[in-house]
Amino acid sequence: MHILCLLRNLPVPNQVYFKSGLFPAAIQAHVKAGHRVAVASLKRDGVDHEALTRQVSRWGARYVPVTRKTWFPPLAYLKDADNLTWLRSIWDYRSLLHTVQQYIDQEGKPDVIAALQSTLRSGVPGRLVSRRHQIPYILWEHGSVYLRGVPTGKCASRFEQTLMHADSVLAVSPQLGEAIRNSFPTRSLNVSVLPNPVDSRFFSPPQDLAPFAEFKGTRFAFAAWSKWRRIKRPDLLLSAFAKVHRQHANTCLLIGGPMTPDMTKQIRRDGVGAAIFCPGTLDQEGIHKLAYAADCCLITSDFETFALSAVESMAAGKPVVSTRCGGPESIVTRDDYGRLVPKDDVDALAEAMIGVMNQATRFEPETIADHCRRNFGEQIFAERWANLYRNVAERIA
């Protein structure tokens with residue numbers, strides 16, 4: 001099959017980008033299934049399209065660069081707009097739509113559009129291309145908006161139209177799938193589950209653990225990595241660690257990701273700065289090292305559609321302590337893999353952290369890694385995509 005994958009942005013070579021292994025794995029899964037794959041992403045200033053062309057080629061796919069800069073969307077897509085809500089969506093994606101239209105004019109229509117980066121990031125243009133050219137499209141949803149509350153107003157219409165017309169909607173966790181269905185109870189949405197894959201490198205240890213090993217020493221190391229923002233609850237993370245550290249001085253916390261001013265102030269206020277190491281934003285290799293340097297991964301979010309850090313940690317054989325915030329419930333499914341605690345409960349979180357630390361020998365790295373490989377490894381991920389497209393091909397035939 002001829003598959004056109006749509007994303008808002010791709011990991012750019014030599015630039016740090018969280019989840020940089022996620023979408024390449026998705027693209028390579030399509031290639032491994034024997035499909036002809038092209039990739040189009042939204043134009044961004046400063047993007048090195050030549051470097052992306054080489055990178056996507058290494059994955060076995062073709063990168064379709066933006067070749068035309070314009071302030072106006074293709075007129076054909078304007079005619080397909082349902083209302084002004086769609087008009088705004090088209091406007092936001094004008095460069096991507098021009099790129100896709102030029103690709104179709106030159107290479108012919110693909111058999112399927114795969115919108116890989118959630119409803120607003122790729123589903124909106126995917127739906128428009130599908131409607132214009134009568135091509136089936138599949139939406140892979142990662143967005144936490146459904147967990148945070150039903151979209152309302154004009155935004156609700158945009159979400160509903162994109163989901164309703166998709167040939168298949170894939171959610172990265174059962175919890176997200178249920179939230180999507182509950183957001184539009186009057187619609188019979190075809191939602192199934194396709195979890196995120198873990199980068200295969202995480203199943204093997206890195207060559208070294210610098211600089212984390214030097215800071216950790218002989219201490220028990222908790223770790224958390226994210227693009228920190230309010231719903232990730234860094235305040236809860238720091239408060240729980242401070243509580244644990246006051247009782248167990250031989251502990252430390254490794255934090256990956258850009259520190260916010262509030263996080264810095266809280267660390268200073270709690271007086272635990274000497275026990276916390278914050279190297280800043282990490283690339284995939286840095287996260288790989290952090291996963292192996294840690295003794296336990298922490299997830300403190302209010303909402304997570306999946307929680308990629310959980311499977312990165314488990315691929316390294318490490319347990320996870322997480323809030324019950326959505327995705328982690330389908331990952332940490334047994335006490336052998338870690339602990340789940342209520343959201344926004346610093347006492348419960350600290351108690352679970354201490355419990356994992358005191359029972360560290362109970363968590364067998366091989367058992368944890370095997371669970372991760374069987375459920376979130378790239379091989380099973382590729383097989384799930386292949387099965388999906390077989391079903392699409394049968395419906396097209």
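Which residue just after α1 takes a positive phi? In this predicted model, the residue is Gly34, whose phi is about 90 degrees, and the helix that precedes Gly34 offers a convenient place to begin a walk through the structure.

Helix α1 spans residues 22-32, and because eight of its eleven residues are buried, the helix is largely enclosed by the rest of the structure. The buried positions in α1 are Leu22, Phe23, Pro24, Ala25, Ala26, Ile27, Ala29 and His30. Lys32, by contrast, counts as exposed because its relative accessibility is 54%, where the cut-off for that class is over 50%. The side chain of Lys32 meets that of Glu378 in a salt bridge, with N to O at 3.9 Å. Since Lys32 lies in helix α1 and Glu378 in helix α17 (residues 378-396), the pair ties together parts that are 346 residues apart in sequence.

That link belongs to a wider setting. The protein has 17 helices and 13 strands, and buried residues make up 58% of its 397 residues. Among contacts with a separation of 6 or more, 74% are between residues 24 or more positions apart. The exposed area of the protein is about 17000 Å², of which carbon and sulfur atoms supply 47%.

Strand β8 (residues 220-225) contains Ala221, which counts as buried because its relative accessibility is 0%. Beyond its neighbours within four places in sequence, Ala221 is in contact with Lys216, Cys252, Leu254, Ala293, Ala294, Asp295 and Cys296. The C-alpha atoms of Ala221 and Thr251 are 5.9 Å apart, although 30 residues separate the two in sequence.

Helix α8 (residues 153-165) holds Ala156, which counts as buried because its relative accessibility is 14%, a value under the 20% limit for that class. The C-alpha atom of Ala156 is separated by 9.2 Å from that of Phe184, which is 28 residues away along the chain.

Turning to the charged side chains, a search of the whole structure finds 17 salt bridges. One of these joins Glu160 to Arg187, with the closest N and O atoms 2.8 Å apart. Because Glu160 lies in helix α8 and Arg187 in the loop between α9 (174-183) and β7 (191-193), this pair ties together parts that are 27 residues apart in sequence. Arg187 counts as partly exposed, because its relative accessibility is 36%.

A further salt bridge is formed by Glu285 with Arg201, the closest N and O atoms being 3.5 Å apart. Here Glu285 lies in helix α13 (residues 284-293) and Arg201 in the loop between β7 and α10 (212-216), so the pair ties together parts that are 84 residues apart in sequence. Both partners count as partly exposed, because the relative accessibility is 32% for Glu285 and 33% for Arg201. Elsewhere, Arg233, Asp235, Asp302 and Asp344 are linked in a network of salt bridges.

A last group of charges lies on the surface, where Arg121, Arg148, Lys227 and Arg229 gather in a patch of positive charge. Of these, Arg121 is found in helix α6 (residues 119-133) and is partly exposed, with a relative accessible area of 36%. Residues enter such a patch when they have over 30% relative accessible area and no salt bridge, and so the value of 36% for Arg121 satisfies the accessibility condition.

Key:
Residues numbered from 1 in each chain as written. Predicted model: local features only at pLDDT ≥ 70, side-chain atom pairs only at ≥ 80, totals over all residues. Heavy atoms only, no water. Patch = residues over 30% accessible without salt bridge, like charges linked within 9 Å, V, L, I, M, F, W, Y side chains within 5 Å. Areas by Shrake-Rupley, 256 points an atom, 1.4 Å probe, with all protein chains shown as cover. Salt bridge = Lys/Arg side-chain N within 4 Å of Asp/Glu carboxyl O. Lys, Arg positive; Asp, Glu negative; His and termini not counted. Charge placed at Lys NZ, Arg CZ, Asp CG, Glu CD. Helix = DSSP H or I, 4+ residues; strand = E, 2+ residues; numbered from the N terminus. Buried < 20%, exposed > 50% of the residue type's maximum accessible area, 1.4 Å probe, protein only. Contact = heavy atoms within 4.5 Å.
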